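Let's take a walk through this structure together, starting with the overall outline and then moving in to individual residues. Please keep the sequence at hand as you read.

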Amino acid sequence: MSKGGVGRVSQCPEYPCFRLVVDYRRKIYKIFLEDYDGYIIPLPRKEIDRLLELVNEIHPRIREAEGEDVDYLARKYLGAEPKEE
């Protein structure tokens, strides 16, 4: 994370990524999702905490999907067609 002045913004090494933005002067922060097209979507902290709890329940019994398995899960369970980069 780079820190400049009264704020802080996490870097995005590759897309999609989560960005943490902090304003120390106002004592506020927000987590955003930045996608391949540069869209920035604010994420509620409660939702992130809920998902982390679910991941912690299944890990390490189940591995994270990669490659073609990601497309399979998106199609089968979300009814979504993965977007080409």
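What follows goes from the whole chain to its strands, its loops and its helices.

Please bear in mind that this is a predicted model. The protein chain holds two helices and five strands, and their order along the sequence is β-β-β-β-β-α-α. In other words, reading from the start, you meet the strands before the helices.

How does the radius of gyration of the protein chain sit beside that of a compact globule of 85 residues? The chain has 16 Å, while a compact globule of 85 residues would come out near 12 Å. The C-alpha trace spans about 45 × 30 × 20 Å along its principal axes. Buried residues account for 13% of the 85 residues. Turning to contacts between residues at least 6 apart in sequence, 4% of them join residues at least 24 apart. As for the surface, the chain exposes about 7,600 Å², and carbon and sulfur atoms supply 56% of that area.

Now to the strands. S2 and S3 run antiparallel and are joined by three bridges. One place to find this pairing is arginine 8, whose bridge partner in S3 is valine 22. S3 also pairs with S4, again in the antiparallel sense, over seven bridges. Here you can look at arginine 19, which has phenylalanine 32 as its bridge partner in S4. As background for looking at any of these strands, side chains in a regular strand alternate between the two faces of the sheet.

Arginine 19 is worth a second look for its side chain. Which residue does it meet in a salt bridge? The partner is glutamate 34, with N to O at 2.4 Å. This pair links distant parts of the chain, with arginine 19 in strand S3 and glutamate 34 in strand S4, 15 residues apart. Are the two partners buried or exposed? Arginine 19 counts as buried because its relative accessibility is 18%, under the 20% cut-off. Glutamate 34 is buried as well, because its relative accessible area is 9%.

Between S3 and S4 comes a loop that includes lysine 27. The two strands form a hairpin with four residues between them. Within that hairpin, lysine 27 takes a positive phi near 60 degrees, although lysine 27 is not a glycine. That deserves a glance, because most residues other than glycine have a negative phi. Lysine 27 counts as exposed, because its relative accessibility is 74%.

The backbone has two further places to visit, both at a proline. The peptide bond from tyrosine 15 to proline 16 is cis, with omega near -10 degrees. Proline 16 lies in the loop between strand S2 (7–9) and strand S3 (17–23). Farther along the sequence, a cis peptide bond joins histidine 59 and proline 60, with omega about 10 degrees. Proline 60 sits in the loop between helix H1 (45–58) and H2. For context, most peptide bonds are trans.

That second loop leads us to the helical part of the chain and to more charged pairs. The count of salt bridges comes to five, and one of them joins aspartate 69 and arginine 63, whose closest N and O atoms are 3.3 Å apart. Aspartate 69 is partly exposed, because its relative accessible area is 31%, whereas arginine 63 is exposed, because its value is 65%. Another salt bridge is formed by arginine 75 and glutamate 81, with the closest N and O atoms 2.8 Å apart. Arginine 75 counts as partly exposed because its relative accessibility is 42%, and glutamate 81 counts as exposed because its relative accessibility is 57%.

Our last stop is a patch of another kind. Which residues form a nonpolar patch on the surface? They are Tyr72, Leu73, Tyr77 and Leu78, and together they have about 470 Å² of accessible area. Tyrosine 77 lies in helix H2, which covers residues 68–78. Why does tyrosine 77 count as exposed? The reason is its relative accessibility of 57%, as exposed means over 50%.

Conventions
Residues numbered from 1 in each chain as written. Predicted model: local features only at pLDDT ≥ 70, side-chain atom pairs only at ≥ 80, totals over all residues. Heavy atoms only, no water. Patch = residues over 30% accessible without salt bridge, like charges linked within 9 Å, V, L, I, M, F, W, Y side chains within 5 Å. Areas by Shrake-Rupley, 256 points an atom, 1.4 Å probe, with all protein chains shown as cover. Salt bridge = Lys/Arg side-chain N within 4 Å of Asp/Glu carboxyl O. Buried < 20%, exposed > 50% of the residue type's maximum accessible area, 1.4 Å probe, protein only. Pairing = 2+ DSSP bridges. Rg over C-alpha atoms; globule rule 2.2 N^0.38 Å. Contact = heavy atoms within 4.5 Å.
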